[in-house]
Amino acid sequence: MSSLRMAVVWFLGVFGLTTPAHAVNTHDVGQSYIFLRIDNTSIHGRFEIPVGYLNQALSLSFRTDGGVVLADIDLHIDSITSYFRRHAAFTSAEGTSEITFGAYRLYQTSFAQFVVIDFSLPEFAAPPEYLDVRYTAVFDVDPQHRGLLVEEHNWKTGTFNEEANVALIFTPNDTEQRLDLSSSSIWRGFKSLVALGTHHIWIGIDHVLFLLALLLPAVLVRKHGRWQPVEG
């Protein structure tokens with residue numbers, strides 16, 4: 001692999017710019033997700049949130065060792081859906097849409113279990129041009145949390161089954177954003193991911209130490225106008 005290619009791969013990895021959705025198993029700790037499928041006059045989606053955050057937000061006692069089963073979720077699903085109803089809203093030119101919840105399930109990653117809840121919005125009279133999204137889940141119990149909205153399907157922009165298309169990133173200081181449904185959000189998502197990657201580096205001492213460790217193999221010294229290897 002060339003030096004340039006290695007540098008590009010390193011940059012993408014460090015700044016979190018490689019595909020961020022669970023289609024390639026890249027759910028990340030500290031994040032919850034909204035996935036949207038936008039058709040002509042209908043919008044369907046799902047919320048995905050780690051069980052540990054539900055423990056914090058709703059004072060529950062789900063196991064965090066990967067041992068949660070669907071029967072555990074059954075006991076608290078009403079509280080969980082009510083929580084999302086309070087902390088998420090979708091508004092178009094036709095007004096704020098009522099969220100209707102559907103099936104739910106568990107999604108397992110190597111570091112956490114996610115509760116996945118399907119939802120739908122009422123049919124629109126005409127194809128919506130935009131969607132104002134409010135998302136405040138978890139921020140009150142963890143200010144470092146980030147909510148990612150993934151536009152995985154949108155017939156109008158030619159986006160089909162793309163589970164890595166991050167369109168919006170919600171933070172405690174930015175909980176209301178507009179999603180343009182009539183144009184591609186690739187550039188907006190790219191900029192958001194750069195900001196998210198930078199945030200991940202500076203909140204984690206392990207990331208900072210990693211960057212410093214990259215300097216350790218520097219075993220060259222400038223001598224007589226040229227770089228020369230250090231003998232010891």
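**Exercise 1. Follow strand S7 through its sheet**

Task: Work out how strand S3 joins S7 in this predicted model, then place S7 within its whole sheet.

Solution.
Step 1. Begin with S3, residues 88–92: 4 bridges tie it to S7, and the two strands run antiparallel. For a handy register mark, look at Ala89, which stands opposite Arg134 in S7.

Step 2. Now turn to S10. S7 covers residues 130–135 and is joined to S10 by 5 bridges, again in the antiparallel sense. Arg134 serves as a mark here too, as it stands opposite Glu176 in S10.

Step 3. Put the pairs together. The result is an open sheet of 4 strands in the order S4-S3-S7-S10, with antiparallel pairing. Its edge strands are S4 (95–97) and S10 (176–180), each of which pairs on one side only. From one strand to the next, the twist averages 30°.

Step 4. Finally, sort the side chains of S7 by face. Leu131, Val133 and Tyr135 form the covered face, while Tyr130, Asp132 and Arg134 make up the uncovered one. Arg134, the residue used as a register mark, is thus found on the uncovered face.

**Exercise 2. Assemble the sheet of 6 strands**

Task: Which strands stand at the edges of the sheet with mixed pairing, and how do S1 and S8 pair?

Solution.
Step 1. Write down the order first: S5-S6-S2-S1-S8-S9, an open sheet of 6 strands with mixed pairing.

Step 2. Read off the ends. S5 and S9 (166–170) have a single partner strand each, so one side of each is left without a neighbour in the sheet. The twist from one strand to the next averages 20° here.

Step 3. Look inside the sheet for a parallel pair. S1 and S8 (residues 146–154) pair in the parallel sense over 8 bridges. Ser32 gives you the register, standing opposite Gly147 in S8.

**Exercise 3. Pack a helix on the sheet**

Task: Find what the buried residues of helix H2 pack against, and how the helix is oriented to S2.

Solution.
Step 1. List the buried residues of H2, which spans residues 51–58: Val51, Tyr53, Leu54, Asn55 and Leu58.

Step 2. Trace their partners. These buried residues pack against S1 (31–38), S2 (43–50), S5 (100–108) and S6 (113–120), and also against helix H4 (77–87).

Step 3. Add the geometry. H2 lies across S1, S2, S5 and S6, and runs at about 85° to S2.

Step 4. Check where the helix stops. Ser59, just after H2, takes a positive phi of about 55°.

**Exercise 4. Compare two positive phi values**

Task: Val138 and His224 each have a positive phi; where does each sit, and is each buried or exposed?

Solution.
Step 1. Take Val138. Its phi is near 75°, a positive value in a residue other than glycine. Val138 belongs to the loop between S7 and S8.

Step 2. Test Val138 for burial. The cut-off for buried is under 20% relative accessible area, and Val138 has 0% relative accessibility, so it counts as buried.

Step 3. Set up the hairpin that holds His224. S11 (residues 220–223) and S12 (residues 226–229) run antiparallel and are joined by 4 bridges. Val221 has Gln228 in S12 as its bridge partner. Between the strands of this hairpin there are 2 residues, and His224 takes a positive phi near 55°.

Step 4. Test His224. Exposed means over 50%, and His224, with a relative accessible area of 74%, is exposed.

**Exercise 5. Step back to the whole chain**

Task: What share of the chain is buried, and which residues line the largest cavity?

Solution.
Step 1. Start with the inventory: the chain has 6 helices and 12 strands. Of its 232 residues, 43% are buried.

Step 2. Consider the surface and the contacts. The accessible surface comes to about 12600 Å², and carbon and sulfur atoms account for 58% of it. Among contacts with a separation of 6 or more, 61% link residues 24 or more positions apart.

Step 3. Search for enclosed space. The structure holds 1 cavity of 30 Å³ or more, and the largest cavity has a volume of about 40 Å³. Its lining consists of Ile38, Asp39, Asn40, Pro127, Pro128, Asn154, Trp155, Lys156 and Leu181.

Notes. Residues are numbered from 1 along each chain as its sequence is written. This is a predicted model: local features need pLDDT of at least 70, side-chain atom pairs count only at pLDDT 80 or more; totals for chains, interfaces and linings use all residues. Side-chain values use heavy atoms; hydrogens and water are left out. Two strands pair if DSSP finds at least two bridges between them. Axes are lines fitted to C-alpha atoms, for helices over the stretch in contact, and angles run from 0 to 180 degrees between N-to-C directions. Buried means under 20% relative accessible area, exposed over 50%, partly exposed in between (1.4 Å probe, protein chains only). Contact means heavy atoms within 4.5 Å. Accessible areas come from the Shrake-Rupley method with a 1.4 Å probe; for residues, only the protein chains shown count as cover. On a 1 Å grid over the protein atoms alone, a cavity is a set of points where a 1.4 Å probe fits but cannot get out, and a pocket is an open set with protein on both sides within 12 Å along at least five of seven lines; lining residues have an atom within 4 Å of a point. Grid points are joined across faces, edges and corners, and a volume is the space filled by probe spheres set on the points.
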